[in-house]
Amino acid sequence: MKLHRITACNFLSFAGEQTFHFPDDPGLYFMQGVNEVEPRLGGNGAGKTTLWEAMFWCLYGVTSDGMKAGDICNWGASRGAWVEIAFEGDDALSLQVMRRQWSPNSWTLQDIFGNTIDLAKDSGGARLADLRLATAPFLHCVYMAQNGDMFLDLKHDAQSALFSEVMGLNRWVDLSAKASARASTQDGQTRRLEGELASIEGRLAAMGKHDPGAEAKRWQSDRAERVAALEAKYMAGVARATVLKNAWADAEARGQESLAEMGLGAEIETLEDMRREYNRAKAEASDMRYLATSAAHALERHAEALSAAEHQERCEACGQALRPDARRVAIQRARKTHDNALKADAGAQKEAKAAASRADDLLNAVLDQERRVDDGRAAMDQLEQEERAARRAYDLHERELDRLEDDAERALAEVNPYAGLEARALAEIERLSANREDCLRDLDHSRELHSLFSYWVRGFKEVRLQEIAEALGELEIEVNSCVIELGLVGWELQFSVDRESKGGNVQRGFTVRVVEPGGKAAPWGAWSGGEKQRLRLAGDMGLANLIRSRTGAEIPLEVWDEPSAGLSPQGVQDMLETLERRAIAEGRQVWVVDHTAHSFGGFSGGAVITKTAGGSMIEQHSV
Ligand SMILES: Nc1ncnc2c1ncn2[C@@H]1O[C@H](COP(=O)(O)OP(=O)(O)O)[C@@H](O)[C@H]1O
Ligand SMILES: [Mg+2]
């Protein structure tokens with residue numbers, strides 16, 4: 001990777017466009033300033049720092065001390081500000097130009113074929129990654145900013161945080177946090193499984209107390225009791241049915257008996273005969289009377305006719321020749337017959353009277369008999385009613401018996417609801433036991449995982465500490481070699497790492513101790529002046545070396561902005577020599593920015609930034 005140029009336009013003190021060309025060769029270069037606008041300030045306020053801030057802004061969108069957006073625009077500029085960095089990879093064809101612009105905002109990367117990538121949308125490119133380290137590492141191995149704190153001046157925890165960040169050790173903290181989250185999730189899972197296990201064991205214990213076999217037996221004996229009760233009732237019913245049936249038979253027998261006893265059958269026959277006889281006698285008597293009456297009447301008329309016909313030859317009634325004697329005889333005979341007829345009639349009348357009285361007697365007897373028959377019938381009806389009642393009672397009872405029989409049959413046909421329960425309970429116990437096994441296994445697994453995750457909560461932190469310790473070892477070597485180069489022979493810086501307290505907390509920060517040639521050791525704060533500035537530089541150089549070796553950062557540039565503050569001329573000399581060696585050895589361009597000029601023969605070239613009324617101007621020269 002090779003840097004070509006930085007072009008800034010309307011950026012802070014650069015009004016209009018200014019371009020800085022990186023020299024072709026590695027080496028130590030010097031940048032100084034001239035302030036034409038305010039000559040009293042000498043080399044201050046010229047725009048030296050501004051140039052490097054322009055590069056930083058182009059890469060990160062912010063200055064090293066946090067200015068952004070509109071803040072970076074030149075006060076006199078009416079248009080937006082922009083900065084370009086041109087650099088190439090392995091060959092000239094890979095030349096690329098990164099450009100950041102404010103108002104309108106854009107951030108792009110363009111190759112020599114004119115292809116442009118919008119970096120605002122795609123900042124993950126490989127080329128960019130080479131160039132653009134994370135901010136903190138960049139500020140400690142490429143651009144050692146003027147306002148930036150030097151590593152050894154930082155507070156312990158800031159040192160540790162910076163060290164952790166530039167070394168990429170924060171991932172162990174992230175991993176530890178992740179392990180902690182997993183551990184707590186796993187803990188929740190363990191609790192859930194413990195709850196599940198308790199519930200399964202509770203159910204198993206409850207199942208042990210409850211015996212479905214006994215319940216089935218209890219049901220069976222209950223039913224046997226019910227059936228026995230029905231049967232007893234039935235038997236009693238059967239006994240009563242016999243009684244009722246007997247009562248019925250009795251009533252029936254009594255009915256038959258009384259019918260025979262009364263002999264009403266014969267009486268009724270006699271009664272009928274008598275009735276016929278009576279009617280016949282009555283008719284006969286009536287016939288006889290009629291005959292007798294009509295004969296007597298006819299004879300009377302005959303005798304009268306004979307008497308009246310004394311002068312007549314022949315009888316008018318019978319036609320015979322009437323002679324006087326004959327007539328007399330006839331009259332006598334007729335009178336005699338008539339008398340006889342009268343007598344007969346009287347006899348007949350007598351006989352009819354007798355027959356009538358006999359018939360009346362018979363009638364009375366018939367009526368009598370009829371009454372007796374009626375009484376007998378009523379008695380029979382009574383008996384019949386009794387018999388019917390007895391039969392009904394018996395029938396009803398029979399039906400009740402049938403019902404009892406049905407009930408008993410139904411009871412016998414009922415299915416024992418507890419019969420299958422025992423088998424089911426056994427199956428349930430088996431199922432629960434299997435679940436319990438599974439649950440125990442899961443629980444074991446979950447506890448194992450939990451202890452594993454818990455272990456790694458500390459484990460990752462320990463790895464981080466180990467890595468820090470390792471890196472600090474390297475840092476110590478790097479820094480101490482710079483200490484010697486910077487002319488502090490016999491001095492040594494000792495770093496020690498964060499320690500984990502007994503309570504498991506990591507004590508952030510690490511300690512730096514300084515051992516001077518006499519062997520006296522003291523904390524960093526105890527030293528002052530030029531020694532301290534040399535040690536500071538050694539610290540920063542060592543850290544830069546470590547970052548480069550750890551991150552593989554390729555960018556062949558180091559910018560030291562005002563590093564000589566507080567150094568004696570010899571100190572400055574030592575520093576410049578060190579940086580020169582460094583530039584040659586590493587094949588880098590090392591830029592020292594200073595407001596005062598130094599008479600040092602090792603510079604490969606330089607630049608002067610001059611603040612004019614028209615803004616800062618860049619002027620470059622080689623030696
Ligand atoms: N937005 C700005 N527009 C114009 N000049 C600015 C702006 N911001 C700061 N400056 C001026 O830029 C000058 C250059 O500062 P700087 O680069 O830090 O000087 P030095 O050469 O000492 O490093 C300062 O004098 C400051 O007043
Ligand atoms: Mg400056």
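Okay, so strand S3, residues 27-35, pairs with S15 in the parallel sense, over five bridges. This is a predicted model, by the way, so keep that in mind as we go. If you want a register for that pairing, glycine 27 stands opposite glutamine 589 in S15.

S15 has another partner too: strand S14, residues 557-561, runs parallel to it, and five bridges join the two. Here the register point is glutamate 558, opposite valine 590 in S15. To get from S14 to S15 the chain goes through helix H11, residues 569-586, and that β-α-β crossover is right-handed.

So how enclosed is S15 by the rest of the structure? Largely, because five of the five residues in 589-593 are buried. Now look at the side chains. In a regular strand they alternate between the two faces of the sheet. In S15, Gln589, Trp591 and Val593 point one way, while Val590 and Val592 point the other way, and all of them are buried.

Next, the ligand. There are 13 residues around ligand 1, and Gly45, Ala46, Gly47, Thr49 and Thr50 come nearest. By class, that shell splits into four nonpolar, seven polar and two charged residues. Helix H1, residues 48-60, gives the most to the shell, with three residues.

For those of you who like polar contacts, I've got three. The side chain of threonine 50 puts an N or O atom 2.5 Å from an oxygen of ligand 1. Lysine 48 has a polar side-chain atom 2.9 Å from a ligand oxygen. And at tryptophan 75, a backbone N or O atom sits 2.9 Å from a nitrogen of ligand 1. On its own the ligand has 580 Å² of accessible area, and the protein covers 76% of that.

Last bit: backbone oddities. Most residues other than glycine have a negative phi, and most peptide bonds are trans. Where does this model have a cis peptide bond? Between serine 103 and proline 104, with omega at about -5 degrees. Proline 104 is in the loop between strand S5, 96-102, and strand S6, 106-111. Serine 103 is found in that loop between S5 and S6 as well, and its phi is positive, near 55 degrees.

Glutamate 562 also has a positive phi, near 55 degrees, and this one is in the loop between S14 and H11. Are these two buried or partly exposed? Serine 103 is partly exposed, with a relative accessible area of 36%, whereas glutamate 562 counts as buried because its value is 17% and the cut-off is under 20%.

Terms used: Residues numbered from 1 in each chain as written. Chains lettered and ligands numbered in written order. Predicted model: local features only at pLDDT ≥ 70, side-chain atom pairs only at ≥ 80, totals over all residues. Heavy atoms only, no water. Near = heavy atom within 4 Å. Polar contact = N/O pair within 3.5 Å; in protein donor to acceptor, adjacent residues only side chain to side chain. Areas by Shrake-Rupley, 256 points an atom, 1.4 Å probe, with all protein chains shown as cover. Helix = DSSP H or I, 4+ residues; strand = E, 2+ residues; numbered from the N terminus. Nonpolar A, V, L, I, M, F, W, Y, C, P; charged D, E, K, R; others polar. Buried < 20%, exposed > 50% of the residue type's maximum accessible area, 1.4 Å probe, protein only. Pairing = 2+ DSSP bridges. Right-handed = clockwise from strand over helix to strand, strands pointing away.
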